[in-house]
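Please look over the sequence and the model below before reading on. The explanation that follows goes through the structure step by step, for a reader who has not met it before.

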Amino acid sequence: MRVLIVDDSSVMRKIVTRGLRQAGFKIDEILEAGDGQKALEVLAGGAKVDLILSDWNMPNMDGLTLVKEVRKKDTDTPIVMVTTEGGEGKVNEAMTSGANGHIKKPFTPDTLQATLGKYF
């Protein structure tokens with residue numbers, strides 16, 4: 001499985017990576033991007049990923065815009081928002097835009113397992 005982690009914090013990208021491994025997921029490769037625009041560049045470069053985990057609030061291009069842009073070309077790859085945005089309105093907005101799930105920061109490996117298990 002190849003996972004693209006999109007977050008403007010390199011520390012948070014490492015925390016998500018560690019959480020995925022602690023949750024017991026078998027991951028072949030993790031790709032990283034610091035914002036939505038860089039994530040689109042990674043995908044435009046031909047990278048095939050099986051799952052996208054994206055923060056919401058990032059410079060240059062936020063996670064919600066990333067979801068909308070990815071969905072213009074790709075309706076299959078699961079996208080899960082991993083963010084501090086946890087209000088019902090925000091979650092609904094993300095899901096309506098094409099996200100497949102939502103994980104509120106901070107999270108535990110058990111939370112990752114419960115939310116992402118169906119994609120692995």
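The paragraphs below turn to the packing of helices, then to a pocket, and then to a few points in the loops.

What is shown here is a predicted model, and the values given for it are computed from that model. A convenient place to begin is helix H3, which spans 63-73, since the packing of H3 with two other helices can be followed in turn. The axis of H3 and that of helix H2, which runs over 36-44, come within 9 Å of each other and cross at roughly 25°. Angles under 35 degrees count as roughly parallel, and H2 and H3 are therefore roughly parallel to each other. The handedness of the crossing between H2 and H3 is right-handed. On the side of H2, the residues that take part are Gly 36, Ala 39, Leu 40 and Leu 43, and these meet Leu 66, Glu 69 and Val 70 of H3. Sorted by class, the residues of this contact between H2 and H3 comprise 5 nonpolar, 1 polar and 1 charged.

H3 also packs with helix H4, made up of residues 88-97, and here the two axes come within 9 Å and cross at roughly 20°. H3 and H4 are therefore roughly parallel to each other, and their crossing is right-handed. In this contact Leu 64, Val 67, Lys 68 and Arg 71 from H3 meet Glu 93, Ala 94 and Ser 97 from H4. The classes represented in the contact of H3 with H4 are 3 nonpolar, 1 polar and 3 charged residues.

Another pair of helices is H1, residues 10-22, and H5, residues 109-116, whose axes lie 8 Å apart and which pack at an angle of about 75°. An angle of 65 to 115 degrees counts as roughly perpendicular, and H1 and H5 are therefore roughly perpendicular to each other. Here Val 16, Gly 19, Leu 20 and Gln 22 in H1 meet Pro 109, Leu 112 and Leu 116 in H5, and the residues of this contact divide into 5 nonpolar and 2 polar, with no charged residue.

With the helices in place, where does the largest pocket draw the largest share of its lining from? That share, 4 residues, comes from H3, while H2 and H3 each supply at least two residues of the lining. The largest pocket has a volume of about 260 Å³ and is lined by 13 residues, of which Leu 40, Leu 43, Ala 44, Val 70 and Lys 73 lie nearest its centre. Among these, Leu 40, Leu 43 and Val 70 also belong to the contact of H2 with H3. Taken as a whole, the lining consists of 7 nonpolar, 1 polar and 5 charged residues.

The loops hold some further details. Most residues other than glycine have a negative phi, and most peptide bonds are trans. Against that background, Asn 60, which lies in the loop between strand E3 (51-54) and H3, has a phi near 70°, a positive value in a residue other than glycine. The peptide bond that joins Lys 105 and Pro 106 is cis, with an omega of about -10°, and Pro 106 is found in the loop between strand E5 (101-104) and H5.

Finally, Gly 34 has its place in the loop between strand E2 (29-33) and H2. Once neighbours within four places in sequence are left aside, Gly 34 is in contact with Asp 7, Asp 8, Arg 13 and Met 58. From Val 16, which was named above in the contact of H1 with H5, Gly 34 is 18 residues apart in sequence and 13 Å apart in space, C-alpha to C-alpha.

Technical notes
Residues are numbered from 1 along each chain as its sequence is written. This is a predicted model: local features need pLDDT of at least 70, side-chain atom pairs count only at pLDDT 80 or more; totals for chains, interfaces and linings use all residues. Side-chain values use heavy atoms; hydrogens and water are left out. On a 1 Å grid over the protein atoms alone, a cavity is a set of points where a 1.4 Å probe fits but cannot get out, and a pocket is an open set with protein on both sides within 12 Å along at least five of seven lines; lining residues have an atom within 4 Å of a point. Grid points are joined across faces, edges and corners, and a volume is the space filled by probe spheres set on the points. Ala, Val, Leu, Ile, Met, Phe, Trp, Tyr, Cys and Pro count as nonpolar, Asp, Glu, Lys and Arg as charged, and the others, Gly among them, as polar. Axes are lines fitted to C-alpha atoms, for helices over the stretch in contact, and angles run from 0 to 180 degrees between N-to-C directions. Angles under 35 degrees count as roughly parallel, over 145 as roughly antiparallel, 65 to 115 as roughly perpendicular and the rest as oblique. A crossing is left-handed if the near helix is turned anticlockwise from the far one by less than a right angle, and right-handed if clockwise. Contact means heavy atoms within 4.5 Å.
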